Amino acid sequence: MMTRRQRIRAALLTWYDSHARTLPWRVAPDDPRVPDPYAVWLSEVMLQQTTVAAVAPRFERFVARWPTVEALAAAPAEVLMAEWAGLGYYARARNLHACAKAVAERGGFPRTLEGLQALPGIGAYTARAIGAIAFGLEVTPVDGNIERVTARLEAITDPLPGARPVIADAVRTLFDDGPRPGDTAQALMDLGSGVCVPRAPRCGACPLLGDCQGAGKGLAAALPARAPKAVRPSRHGLAWVATHKDRVFLELRPPTGLLGGTLAPPTSPWVEGGPCDAAPPFAGSWRPVGTVVHVFTHFRLTLDVMTAAVVPQALAGRAGQWVERSGLDGCGVATVFRKALALVPEA
DNA sequence: AAGACGGGGGT
DNA sequence: ACCCCAGTCTT
């Protein structure tokens, strides 16, 4: 007689053996090779707060350019930032570099949860993901996917974020301390990504349907419950895009804070309330070329874009660089400023 | 405990 | 156009 836990784990792994996604950083379930901790770490950091579709091509570029953690550690920071541009949460790129240096220095990744979690940019989730997938530690990472799968499986109706510890306990009880921990974690991720999806779960395709208490109660689509969302404030600002022939003037933003370490045109402060009337950073025949709306996690930005043809001498003493418009891809410009620069007509 | 921190995808 | 999604670090 199998217990419910045994049934769930067996069904999950059997499903994974035939349905595992093929991903650039993944070792297939029937492949005897051991996953490369560098690839597991890099992919998991890139995947924090984002999606497989966005990460896959960027991951391939990263490993082609830096095949080992030692190579990444030796990369110049601005080159790494340029490769990261567009992926968001730029502190991850800074921490990635710091982590690579620390790992190269100590001669490899630590093989314990505590050792992993002490590294920059590796928290409770990523430590468990690397531990389970790369080192076979019998632990289960809890990301949004696994949280959702588990809340449904166990019909946990308390709202997030308060329910987080309850769900984490359920994950431990069901999935820790068993065989194939890396495949178990990846199976849960694939299930959450393709079957047990947020809005309209495909319960008919789920290998765990028979043991899913949420589906049994008709609750699956409604779980996990969430506390009411906070209202997102609105801020306004101006961006000044100086042009000279086929170049635009960009500055390096401060290393920490919003979009830290990325290249951007000069902007006004971004203030709550109506349009602002800040003075341009330097003289020019400024004219408006349009407006960009960009939504950040904690506010919505309306950016009015101004442009002027400016001779470089007029900016003498101002730190920054004139960048060719054709070279803007790969040079560390965040998405909001790519949208702004796209509004500026060719000289 | 709460807030800061991007961007992309579905509807 | 709007809504939803998702880890780590700092304060």
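This passage describes the contacts with two DNA strands, the pockets and the salt bridges of a predicted model. Local features were accepted at pLDDT of at least 70 and side-chain atom pairs at pLDDT 80 or more, while totals for chains, interfaces and linings use all residues. Residues are numbered from 1 along each chain as its sequence is written, chains are lettered from A and ligands numbered from 1 in the order in which they are written, and side-chain values use heavy atoms, without hydrogens and water.

DNA strand B is surrounded by 18 residues, a residue being near a strand if one of its heavy atoms lies within 4 Å of it. The closest are Gln49, Tyr89, Tyr90, Leu259 and Thr297. Of the strand B atoms within 4 Å of the protein, 58% belong to sugar or phosphate and the rest to bases. Histidine 294 places a polar side-chain atom 3.2 Å from a phosphate oxygen of strand B, and a backbone N or O atom of threonine 335 lies 3.1 Å from a phosphate oxygen of that strand. Valine 295 has a backbone N or O atom 3.3 Å from a base nitrogen of strand B. The surface near strand B comprises nine nonpolar, nine polar and no charged residues; here Ala, Val, Leu, Ile, Met, Phe, Trp, Tyr, Cys and Pro count as nonpolar, Asp, Glu, Lys and Arg as charged, and the others, Gly among them, as polar.

Around DNA strand C there are 19 residues, of which Gln49, Gly121, Gly123, Thr126 and Asp143 come nearest. Sugar and phosphate make up 72% of the strand C atoms that come within 4 Å of the protein. A polar side-chain atom of glutamine 49 is 3.0 Å from a base nitrogen of strand C. Phosphate oxygens of strand C are approached by a polar side-chain atom of arginine 148 at 2.9 Å and by a polar backbone atom of alanine 124 at 3.3 Å. The surface near strand C has six nonpolar, eight polar and five charged residues.

Pockets were sought on a 1 Å grid over the protein atoms alone, a pocket being an open set of points where a 1.4 Å probe fits, with protein on both sides within 12 Å along at least five of seven lines; lining residues have an atom within 4 Å of a point. Grid points are joined across faces, edges and corners, and a volume is the space filled by probe spheres set on the points. The largest pocket has a volume of about 880 Å³. Its lining consists of 33 residues, and Thr50, Asp143, Gly144, Asn145 and Arg148 lie nearest its centre. The second largest pocket holds about 360 Å³ of space. Among its 19 lining residues, Gly88, Tyr89, Leu258, Leu259 and Phe296 are the closest to its centre.

The model contains 16 salt bridges, each defined by a side-chain nitrogen of Lys or Arg within 4 Å of a carboxyl oxygen of Asp or Glu. In one of them, the closest N and O atoms of arginine 65 and glutamate 83 are 2.7 Å apart. Glutamate 83 is buried, at 5% relative accessible area, whereas arginine 65 is partly exposed, at 44%; buried means under 20%, exposed over 50%, and partly exposed in between (1.4 Å probe, protein chains only). Arginine 318 and glutamate 251 form another salt bridge, with their closest N and O atoms 2.5 Å apart.

Key:
Polar contact = N/O pair within 3.5 Å; in protein donor to acceptor, adjacent residues only side chain to side chain.
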